[in-house]
Amino acid sequence: MKHVFSVKIGPVGFRVGADWRAPIAQLADLYAGYPRPDDGVPDFTVRLFAARPWRRFVRPAVMIGGDFVLPEAAPLPLAQGLLAAEMGMNLQMALGQRRYLLLHASAVERDGRALLMTGVSGAGKSTLAALLSLRGWRLMGDEFALLDPATGLIHAFPRLVSLKNTAIGVVERAAPERRFGPLLAGTPKGDIRHLVPDAAAVAAMQVPARPTLILFPSFGFDPAQREISHSEAFVRLTQASTNYVSLGERGFAALTGLVKNTPALAIDYPDTDSAIAQVEAVWEALGEKL
Amino acid sequence: MNDGWLLARALRLPGQTLALDAAGWTDLLAIARAEQMIGTLAHRLNGLKLPSAVQRILEDARASADQGRSVALWEAEVARRVLTPIGVPVVLLKGTAFVAAGLRAGQGRSIGDLDILVPRDDIDRVEAALLASGWEWVKPDPYDDAYYRRWMHELPPLIHRDRDRMIDVHHTILPLTARITPDAAALLADSVEIAPGLRTLSANDMLVHAAAHLFADGDLAGGMRNLWDVHCLVEEYGTEGLAARAAHHGLAKETAHALRLAAALYGEVARIGLVDWLYLRRITARDGWGWPTRPVARQAFYVRSHWLRMPPTMLARHLWTKWRKGGAGPSAG
């Protein structure tokens, strides 16, 4: 492919190739502080290509390909090429990752202990992770938490934080402008703007953390919280994992280990300020018990 | 520029990979993934002192292939439990047969669907038993369904509603429209029991089937994997009696050709003719991004595969129908 960028995010190396310069230049800019893949050999390949040769120039549309693909992914306009690259990398993880059990969750760390937040799209996991990372927590990732079946530890996957719609404004008010990528308006998921993880998150991305609390946040309700049983957490997390089935027994053992040893709470919140306060309070109460 | 030969050389002489640089490894892994042979590669390179990033990727591939093996064997077991009570033995084909029989061709092999062979006279009973045990139709299109039932060598594919696994029930190894009609009764009669209720084809019939599959049942997509199967089967069983058996099934030419191509790709053959060179160009048409290359060769072999499958007027009608539905053509990758 004509334009290439390679990067290591957490323990995973990627190679992204594209028919166009723009998405690769944006990746190189936003991931400037990240290392290259170990030994120069990436774990996964992503291809951004034109459906037909002339579509490189006429109404350019970005198709997403790579080692692992879904059969019917729709192309994106070239202006959303950065989103296509991110989707391509996430797709390789979702379909191809076999070393770690993938949990569709955001993760932040403090004192070597990881807080996982998972829920449906719009529950606020990216927003909460971004805001907590601006308040002294280390960002481990906003999309996937990587559970190592061998150790039970969570590995970081701090790619660009993908903020959607109203979350963009909320985080823009809290973080400096230079940390943001371009606004991608009118994507299939609405407006999207990426936040670059801070230097500390990148510097420590090889350092795993012990899972300590699992939160299931829900946005748009009066503040409330309830404990989640092991069995319910287990079922919810199997739903939130893209490779639980393909890991077989290793995945089952890893996930049962996680839910048995980690308290889980559902929290409802009306706005992000209230959510942050709830999370900090729960974390503090937990710290007293440990 | 690297192509499928990079993978072929690595499988043939694993030690040569030690000379690869980072770009070479990157290409090799992408090609192996695209050909669905990374598990095979991982097994072949096991024990070599590899760069740690490569080592990690191949370890994951081995674990993944092991898991795939368990799933494939379980699927065979479920089919056995459904078909034994109605008196139909399960003759496993292709990948599942290789792993169930512990063959070299099965080491690290990626296995998609469960392919089985049953007597044609039992096909309605087999279908009814599978439908009663949780399998469902995949092809909702009435044209496709009718086409399969009238002309193909297998039932329309069924998928299990809980396990999401596909089963292909064959009653012979070539479409009924093909000019060649292998002796399906002999395939069944000479099959070998490998466990109670589970059978594989005889060694020679496995090779004949691999050849039939390569030349008449597809457009050579998956040719690298298919020829690796052939290479491993020949290494393990030899070719005694193979020519006569292939001739019996009407596949003498195809079988000899498959052996020649497998030897050229994975063995010791130094010189090949122009026709074989064309086949190998098609089979190795893959770049270091895992991207299919050589579109003209691909398209030519796609049309040719259909040419072998059916008479010309039928082919024209079929391609026309598929084209109007917007489906025909080799996959773009």
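## Briefing: two chains and their interface

Leu274(B) counts as exposed because its relative accessibility is 62% (exposed means over 50% relative accessible area, buried under 20%, partly exposed in between, with a 1.4 Å probe and protein chains only). This is a predicted model, in which local features need pLDDT of at least 70, side-chain atom pairs count only at pLDDT 80 or more, and totals for chains, interfaces and linings use all residues. Residues are numbered from 1 along each chain as its sequence is written, chains are lettered from A in the order in which they are written, and side-chain values use heavy atoms, with hydrogens and water left out.

**Surface of chain B**

- Leu274(B) sits in helix α13 of chain B, residues 274-283.
- Helices here are DSSP runs of H or I with at least four residues, strands are runs of E with at least two, and both are numbered from the N terminus.
- Leu274(B) joins Val269(B), Ile272(B), Trp277(B) and Leu278(B) in a nonpolar surface patch of about 470 Å².
- Patch residues have over 30% relative accessible area and no salt bridge; nonpolar side chains (Val, Leu, Ile, Met, Phe, Trp, Tyr) are joined within 5 Å, like charges within 9 Å.
- Accessible areas come from the Shrake-Rupley method with a 1.4 Å probe, and for residues only the protein chains shown count as cover.

**Where the chains meet**

- Chain A places 27 residues in contact with 23 residues of chain B; contact means heavy atoms within 4.5 Å.
- Together the two chains bury about 2,000 Å², with 52% of it on carbon and sulfur atoms.
- Buried area is the accessible area (1.4 Å probe) that two parts lose on being put together, summed over both.
- Six salt bridges are found across the interface of chain A and chain B; each needs a side-chain nitrogen of Lys or Arg within 4 Å of a carboxyl oxygen of Asp or Glu.
- Arg33(B) and Asp67(A) form a salt bridge, with their closest N and O atoms 2.9 Å apart.
- On the side of chain A that touches chain B, β2 (12-18), β3 (44-50), α7 (244-247) and α8 (249-261) each supply at least two residues.
- β3(A) gives the largest share of that side, five residues.

**Two residues of chain A**

- Gln278(A) lies in helix α9, residues 272-289, and counts as buried because its relative accessibility is 12%.
- Beyond its neighbours within four places in sequence, Gln278(A) is in contact with residues including Pro223(A), Ile267(A) and Tyr269(A).
- Val69(A) lies in the loop between β4 (61-66) and β5 (76-77), and is partly exposed, at 36% relative accessible area.
- Setting aside neighbours within four places in sequence, Val69(A) is in contact with Ile64(A), Leu91(A) and Leu95(A).
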